Amino acid sequence: AVGGLKASLLQFPLDFKFGAATAAYQVEGAWNVSDKSINIWDHYTHKHRDLVFDRSDGDVACDSYHQWQRDIEMAEELGLDFYRFSISWTRLMPTALSTVVSEDGQEYYNRLIDGLLAKGIQPVVTLYHWDVPQRLQDLGGWANPLIVDWFAAYARVVFTLYGDRVKTWITINEPLIVCDGAYNGIVAPDFHDAEVGVYLCNKNVLLAHAKAWRIYDEEFRPKYKGQISLSNHLIWYEPASKADKDLAALAMEHCAGRYSHPIFSKEGGWPPSLEKFIGEKSIKEGYRRSRLPPFTNEEIELVRGTYDFYGVNHYTSKLVRKPKPGESVSGWPMSGSDELGVVLDTRPEWESTTSWWFKANPKGFRKLLVWLKEQYGDIKFLVTENGYPSRGSNLEDTNRVRFYKDYLTQMLLAMKKDNVNVIGYTAWSLMDNFEWKDGYLNKFGLYEVNFTDPMRPRTPRSSAAFYANLIKTRSLDTPEQSSAYTVWIV
Ligand code: PNW
């Protein structure tokens, strides 16, 4: 038994699915091969070297563009039920618009999808994991409402090409980072507008997701019978004291509700408490109307209900409190909040990781899942990301194994004690990769990648053996010592 829990409690349902994830810019490399055009990350890393901590880029990354067979082999070694990866918009559609579909781009994803299916591994495909075409960024990117139709056209091309074989789709990965992260300078395109740009992007991302969902629903679902949703980045916000309860609830609406309520709630539209808060604040600031752009009734109906499951990306928790007298507040949802005027802390018992934004609080995962069910009802949840960073070479990654055990235990408790319907779990990541502004410093891989070797060899860590064992036994009732998971593949 683990942590005093009965073995039966540590058993996953037989139809539960396990996977691992990556994203195109983080692993593919081949940034200018064939007719591929550049996206915001090509631009950002080349033009603003100083913004990435180790001044690196994704030009080669894991070279998955050439090493895709090895990627499939790893998925097979782990026994994955599915592999979640993303499609590079500019690799598939070099003009960004539907005028040209790249032969080479098209074939790359055909090979990957067919190779996975040949091994019985389901492809779970993300349409957008942060790599908007630079051409569209120059026209305003996610702040330009035209992107809604540009994205819809891209989605239709992808569904047409791969819909016969891909049965689970994610439209957009982590709108919170796409909008709040980007417009606060945390990720590309390094365009700062936390007051207005964030919310223009927020609305457009929701409309783009909704259009893509409806295109799938109307044109492709009848023949292909797949499922489609988006993946939200969810932080568990806990009140620092009883007096901070309302503020923590508002923080949940700000970061989770703003990207969920319009889609998953019965009534649709922005979360009412937040709409009121930002509306009143905007007027006080001298704006003529709310910075949070209103939805028309048609837009509310367009977005409402555009899901088949809820995609959960979860890593960390934050403590929410009011500032002390004279204490200044700054930052975005990970480090404070200018918008809400709240200070974010962490509890001393939450273990530090090598990522500045990330402390491990396994119990927050269970609370988050319960909160989601309370808010949006008894729907299906697919955990599309969860994982743990480390630095340097470490094949015996004891901390990562412990992290997975602790978080998965809390997820099981949510499933078994709180009846949250979690249908699958995805480890981030299959292998070390380009970790955005952290470059190659922070590593999340079950497999270690040697980035100094041109072949980019991948070696399984203890966590890979742990995960393979979990998938095989469907139970967390596994050896306590992670050193039991020595390298099992030669
Ligand atoms: C997620 N932050 O992102 C992403 O979906 C992955 O691409 C990423 O590699 C993974 O988590 C690990 O970081 C985040 O700075 C990246 O606050 C950065 C932040 C949050 C989420």
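The following questions and answers concern a predicted model of a protein with a bound ligand.

Reader: Which residues are the closest to the ligand, among the 18 that surround it?
Author: The shell around the ligand comprises 11 nonpolar, 4 polar and 3 charged residues. Of the 18 residues that surround the ligand, the closest are Gln26, His129, Glu385, Glu435 and Trp436.

Reader: What is the distance between an oxygen atom of the ligand and an N or O atom in the side chain of Glu435?
Author: Polar side-chain atoms approach ligand oxygen atoms at several residues, including Asn173, where the separation is 3.0 Å, and Glu174, where it is 3.2 Å. A polar contact requires a pair of N or O atoms within 3.5 Å. For the side chain of Glu435, the distance to an oxygen atom of the ligand is 2.5 Å.

Reader: How much of the accessible area that the ligand has on its own does the protein cover?
Author: The ligand, with an oxygen atom 2.5 Å from a polar side-chain atom of Glu435, has 450 Å² of accessible area on its own. The part of that area covered by the protein is 97%.

Reader: Is Phe53 buried or exposed?
Author: Phe53 lies in the loop between α2 (40-47) and α3 (64-78), and together with Trp356 and Leu441 it forms a nonpolar surface patch with about 330 Å² of accessible area. Because its relative accessible area is 53%, and the cut-off for this class is over 50%, Phe53 is exposed.

Reader: Is Val187, in the loop between α8 and α9, buried or exposed?
Author: Val187 is found in the loop that runs between α8 (175-183) and α9 (197-224), and its C-alpha atom is separated by 24 Å from that of Leu446, which is 259 residues away along the chain. Since a residue under 20% relative accessible area is classed as buried, and Val187 has 6% relative accessibility, this residue counts as buried.

Reader: Which residue does a cis peptide bond join to Trp428?
Author: One cis peptide bond runs from Ala188 to Pro189, with omega near 15°, and Pro189 lies in the loop between α8 and α9. Another cis bond, with omega about 15°, involves Trp428, and its partner is found in the loop between β11 (422-428) and β12 (447-449). The residue joined to Trp428 is Ser429.

Reader: Is Arg456, which has a positive phi, buried or exposed?
Author: Lys225, a residue other than glycine, has a positive phi of about 55°, and at 64% relative accessibility Lys225 counts as exposed. Arg456, with phi near 50°, lies in the loop between β12 and β13 (458-460). Because its relative accessible area is 12%, Arg456 is buried.

Notes
Residues numbered from 1 in each chain as written. Predicted model: local features only at pLDDT ≥ 70, side-chain atom pairs only at ≥ 80, totals over all residues. Heavy atoms only, no water. Patch = residues over 30% accessible without salt bridge, like charges linked within 9 Å, V, L, I, M, F, W, Y side chains within 5 Å. Areas by Shrake-Rupley, 256 points an atom, 1.4 Å probe, with all protein chains shown as cover. Salt bridge = Lys/Arg side-chain N within 4 Å of Asp/Glu carboxyl O. Helix = DSSP H or I, 4+ residues; strand = E, 2+ residues; numbered from the N terminus. Buried < 20%, exposed > 50% of the residue type's maximum accessible area, 1.4 Å probe, protein only. Near = heavy atom within 4 Å. Polar contact = N/O pair within 3.5 Å; in protein donor to acceptor, adjacent residues only side chain to side chain. Nonpolar A, V, L, I, M, F, W, Y, C, P; charged D, E, K, R; others polar.
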